[in-house]
Amino acid sequence: MSTEAAVVRVEARDDGAIWRVVLNTPRANILDREKSETLTRIFEKARDDEGVKAIILEGEGPNFSFGASVQEHLPESCAAMLTAFHGLFRTMLDASVVTLAAVRGHCLGGGLELAAFCNRVIAAGNAQLGQPEITLGVFAPVASVILCERMGRGGAEDLLLSGRMVTAGEALSLGLVDEIDENPSAAALAYARTHLLPRSASSLRWAVRAARLGFAERLAAELARVEAMYLQDLMSTADANEGLRAFIEKRAPAWRNR
């Protein structure tokens with residue numbers, strides 16, 4: 001099975017047990033509202049398909065994703081954007097299908113949130129990963145909740161507060177990625193075929209739920225609070241709006257520190 005869409009491509013492998021889900025808007029593969037809603041529908045279908053054992057997420061072209069749409073972060077659209085984007089993560093958690101991220105090139109912002117949310121992250125040697133939201137005067141809601149689960153509080157706060165990018169090698173040492181391979185797509189498929197295909201799809205889903213039980217409870221409690229903080233508090237500040245507009249206008253921000 002292969003389905004084509006304007007923004008996401010789905011290919012079924014191994015009699016439908018493995019889905020390759022490709023962000024299909026190179027070169028940046030921006031995670032806008034349309035793409036978030038499309039991915040949500042794909043994970044809803046995977047949730048209802050009893051034979052799916054693994055989903056491999058990757059980006060078409062040289063990069064995984066440059067992140068969420070900055071334009072959609074502006075006050076007039078950010079609430080709808082966050083609802084769609086955060087709904088994707090809630091649906092992924094509900095589906096409980098094993099997910100693997102195959103990362104090449106840039107994996108930034110919302111792209112890194114999507115990759116880091118996966119059960120296993122495989123990166124090419126040229127991968128560059130980061131949460132640059134703070135450089136735009138905002139913060140990353142999903143990453144604020146999930147990154148410490150993957151890499152510990154120290155490493156998570158480093159990325160969230162500095163906005164810096166890390167190489168694949170540093171990301172491996174930090175626990176942000178699990179493996180480096182020059183063909184991460186092939187490595188992810190090989191992992192799924194070796195370690196997941198021989199297992200029961202039903203039992204794999206229960207294993208995902210069990211392994212993520214505490215994480216799921218924390219995500220449910222904290223993401224709503226962080227989202228409210230973003231929309232009601234952060235977006236009422238001068239600097240959040242200035243940073244976003246400066247990025248769109250391709251100029252340096254003039255911070256007012258309030």
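Here is a chat between a biologist and a modeller about this predicted model.

Biologist: Let's start with the cysteines: how many disulfides does the structure hold?
Modeller: A disulfide is a covalent bond between the sulfur atoms of two cysteines. Take Cys-118, which is buried at 1% relative accessibility. The closest cysteine sulfur to its own sits in Cys-107, 9.3 Å away, and that's too far for a bond. For the structure, the count of disulfides is zero.

Biologist: And is Cys-78 buried or exposed?
Modeller: The cut-off for buried is a relative accessible area under 20%. Cys-78 has 3%, so the word for Cys-78 is buried.

Biologist: Moving on to the largest pocket, which element gives the largest share of its lining?
Modeller: The lining of this pocket has 25 residues, and those nearest the centre are Ala-68, Val-70, Gly-109, Glu-133 and Leu-136. Three elements give two or more residues each: α2 (78-95), α3 (110-117) and α9 (238-248). The largest share is four residues, and the element behind it is α2.

Biologist: How much space lies in that largest pocket?
Modeller: Let me start with what surrounds the space: by class, the lining has 17 nonpolar, six polar and two charged residues. As for the space in the largest pocket, it comes to about 310 Å³.

Biologist: What about closed spaces: how much space lies in the largest cavity?
Modeller: A search of the whole structure turns up one cavity of 30 Å³ or more. Among the residues lining the largest cavity are Met-92, Leu-93, Phe-117 and Val-208. Its lining splits into five nonpolar, three polar and one charged. The space inside is about 50 Å³.

Biologist: Now for helix α7: within what arc do its buried residues fall?
Modeller: Helix α7 covers residues 201-211, and its buried residues are Ala-201, Leu-204, Arg-205 and Val-208. Looking down the axis of α7, you'd see these buried residues line one face of the helix, because they fall within an arc of 100 degrees.

Biologist: Which residues of α7 are exposed on the other side?
Modeller: First, the buried side: the buried residues of α7 pack against α1 (33-48), α2, β5 (98-103) and α6 (184-196). Turn to the other side of α7, and the exposed residues there are Trp-206 and Ala-210.

Biologist: On to the backbone: which peptide bond is cis, with omega near 15 degrees?
Modeller: Most peptide bonds are trans, so a cis one is worth a look. Go to the loop between β3 (18-23) and α1, where you'll find Arg-27. The cis bond, with omega near 15 degrees, runs from Pro-26 to Arg-27.

Biologist: Which residue in the loop between β2 (8-13) and β3 has a positive phi?
Modeller: Most residues other than glycine have a negative phi. The residue you're after is exposed, with a relative accessible area of 87%. It isn't a glycine, yet its phi is positive, at about 60 degrees. Its place is in the loop between β2 and β3, and its name is Asp-15.

Biologist: And what is the phi of Lys-250?
Modeller: Look in the segment after α9 for Lys-250. With 78% relative accessibility, Lys-250 counts as exposed. Although Lys-250 is not a glycine, its phi is positive, at about 55 degrees.

Note on methods. Residues are numbered from 1 along each chain as its sequence is written. This is a predicted model: local features need pLDDT of at least 70, side-chain atom pairs count only at pLDDT 80 or more; totals for chains, interfaces and linings use all residues. Side-chain values use heavy atoms; hydrogens and water are left out. A disulfide is a pair of cysteine sulfur atoms within 2.5 Å. Buried means under 20% relative accessible area, exposed over 50%, partly exposed in between (1.4 Å probe, protein chains only). On a 1 Å grid over the protein atoms alone, a cavity is a set of points where a 1.4 Å probe fits but cannot get out, and a pocket is an open set with protein on both sides within 12 Å along at least five of seven lines; lining residues have an atom within 4 Å of a point. Grid points are joined across faces, edges and corners, and a volume is the space filled by probe spheres set on the points. Ala, Val, Leu, Ile, Met, Phe, Trp, Tyr, Cys and Pro count as nonpolar, Asp, Glu, Lys and Arg as charged, and the others, Gly among them, as polar. The arc is that of the directions from the helix axis to the C-beta atoms. Contact means heavy atoms within 4.5 Å.
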